[in-house]
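Colleague: Please choose one part of this model and look at it closely for me, taking the residues one by one. I would also like to hear how that part relates to the rest of the chain.

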Amino acid sequence: MSDATTPEQLRQQIQDLDAEIAELRRLGGDAQARRGEDGAESEGIIENEELATELTGIAENEAVLDVLLQRRERLVEKLQQ
């Protein structure tokens, strides 16, 4: 694999990352919004396991988002060179 990527290819990769980042942010926002909600049949008690799963999912989403943002930053720097 060659490191000779054209500026158009870099722009396309950045666009693709932007789409992924936007989707992760949307999903992350949805998960954050659901944190305080109870289900339709809930008695107002959130199970510890359910809460832990949601918090883990949010943390994993944030970690992936950080990686994608770093990748995007590197591509932008490469494009500007």
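Modeller: A residue counts as buried when its relative accessible area is under 20%, as exposed when that value is over 50%, and as partly exposed in between. With that in hand, and bearing in mind that this is a predicted model, I would choose helix α2, which runs over residues 48–80.

The secondary structure of the chain comes to two helices and zero strands, so defined by DSSP runs numbered from the N terminus. Helix α2 has 33 residues, and its first and last C-alpha atoms lie 48 Å apart, close to the 48 Å expected at 1.5 Å a residue. The other helix, α1, covers residues 7–34.

Of the chain's 81 residues, 15% count as buried; within α2 the buried residues are Ile58, Asn61, Leu65, Leu68 and Leu75. Asn61 belongs on that list because its relative accessible area is 15%, which is under the 20% that marks a buried residue. Once residues up to four places away in sequence are set aside, Asn61 touches Leu24, Leu27 and Gly28.

Three of the buried leucines of α2 reappear in the largest nonpolar core, a set of eight residues: Leu65, Leu68 and Leu75 are joined there by Leu10, Ile14, Leu17, Ile21 and Leu24. Both α1 and α2 supply at least two residues of this core, and α1 gives the most, with five. A core member to follow back to α2 is Ile14, which, leaving aside its neighbours within four places in sequence, is in contact with Arg72, Leu75, Val76 and Leu79. Lys78 of α2 gives another view of the pairing, since its C-alpha atom is 8.0 Å from that of Leu10, although the two residues are 68 places apart along the chain. Lys78 itself is partly exposed, because its relative accessibility is 29%. For the chain as a whole, residues 24 or more positions apart account for 77% of the contacts with a separation of 6 or more.

There is also a charged link to consider. Side chains of opposite charge can pair when their charged atoms come close. Arg72 and Asp18 meet through their side chains in a salt bridge, at 2.4 Å from N to O. Because Arg72 lies in helix α2 and Asp18 in helix α1, this pair ties together parts that are 54 residues apart in sequence. Arg72 is partly exposed at a relative accessible area of 28%, and Asp18 is partly exposed as well, at 31%.

The structure holds three salt bridges, and α1 contains pairs of its own. Glu23 and Arg26 meet at 2.7 Å, N to O, and both lie in α1, three residues or about one helical turn apart; Glu23 is partly exposed at 36% and Arg26 at 43%. Arg11 also forms a salt bridge with Glu8, where the closest N and O atoms are 4.0 Å apart. Those two residues are about one turn from each other because they stand three residues apart in α1, and Arg11 is partly exposed, with 42% relative accessibility.

To return to α2, this helix contributes buried residues such as Leu65 and Leu75, while its Arg72 is partly exposed and is bridged to Asp18.

Definitions and conventions. Residues numbered from 1 in each chain as written. Predicted model: local features only at pLDDT ≥ 70, side-chain atom pairs only at ≥ 80, totals over all residues. Heavy atoms only, no water. Helix = DSSP H or I, 4+ residues; strand = E, 2+ residues; numbered from the N terminus. Expected span 1.5 Å × (residues − 1). Buried < 20%, exposed > 50% of the residue type's maximum accessible area, 1.4 Å probe, protein only. Contact = heavy atoms within 4.5 Å. Core = buried A, V, L, I, M, F, W, Y, C linked by side-chain atoms within 4.5 Å.
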